[in-house]
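Please open the structure in your viewer and keep the selection tool to hand. The stops below say what to select next and what is there.

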Amino acid sequence: GLTKIGGLECQKDLRTLFLHENILDKIEGLDNNLELDNVNFSKNYIRKIENLSHLKKLSSLNFAHNSISTVEGVEHLLEIPTLQTIDLQHNKIEDAAIVDVLAQLP
């Protein structure tokens with residue numbers, strides 16, 4: 001599986017991206033993919049949602065089956081105003097403050 005996101009620099013019109021079932025532990029390499037509206041990061045090893053606030057059309061994220069456990073892992077969601085759907089099922093959520101962050105989402 002993939003350990004790093006790369007090679008998508010020229011895919012500027014990409015709207016949907018499936019990166020599920022890999023061994024990713026960091027979100028990076030999506031700087032030029034400004035048209036993305038749906039990204040699936042499920043079944044990876046991601047601990048922190050980050051580096052997505054520049055995606056102004058992003059409406060759906062899937063982070064099911066990752067390693068998100070703390071409020072620091074989800075705070076970045078507040079910087080994505082277009083987000084409509086987030087899947088955090090089957091993470092190792094231990095911090096009740098995550099509920100407070102999710103309650104602030106539109």
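On this tour, buried means under 20% relative accessible area and exposed over 50%, with partly exposed in between, as computed with a 1.4 Å probe on protein chains only. The model is predicted, and local features need pLDDT of at least 70, side-chain atom pairs count only at pLDDT 80 or more, and totals for chains, interfaces and linings use all residues. Residues are numbered from 1 along each chain as its sequence is written, and side-chain values use heavy atoms, with hydrogens and water left out.

**The sheet**

Select the four strands, which form an open sheet in the order E1-E2-E3-E4 with parallel pairing. Strand E1 (16-18) and strand E4 (85-87) are the edge strands, each of them pairing on one side only. Strands (E, at least two residues) and helices (H or I, at least four) are DSSP runs numbered from the N terminus, and two strands pair if DSSP finds at least two bridges between them.

Now narrow the selection to strand E2 (residues 38-40) and strand E3 (residues 60-62), which pair in the parallel sense over three bridges. Asn40 has Asn62 as its bridge partner in E3.

**The aromatic pair**

Rings of Phe, Tyr and Trp (its six-membered ring) pair if their centres lie within 6.5 Å, with planes under 30 degrees apart counted as stacked, over 60 as edge-to-face and the rest as tilted. By this rule there is one aromatic pair. Select Phe41 and Phe63: their ring centres are 5.0 Å apart and their planes stand at 15°, so the pair is stacked. Because Phe41 lies in the loop between E2 and E3 and Phe63 in the loop between E3 and E4, the pair ties together parts that are 22 residues apart in sequence. Are these two residues, Phe41 and Phe63, buried or exposed? Both Phe41 and Phe63 are buried.

**Asn22**

Go next to Asn22, in the loop between E1 and E2, which counts as buried at 14% relative accessibility. Leaving aside neighbours within four places in sequence, Asn22 is in contact (heavy atoms within 4.5 Å) with Gly1, Leu2, Lys43, Asn44 and Tyr45.

**Ile93**

Finish at Ile93, in the loop between E4 and helix H1 (97-103), where a relative accessibility of 41% makes Ile93 partly exposed. With neighbours within four places in sequence again left aside, Ile93 is in contact with Ile68, Ser69, Leu88 and Ile98. If you add Ser67 to the selection, the C-alpha atoms of Ile93 and Ser67 are separated by 8.0 Å, although the two residues are 26 residues apart along the chain.
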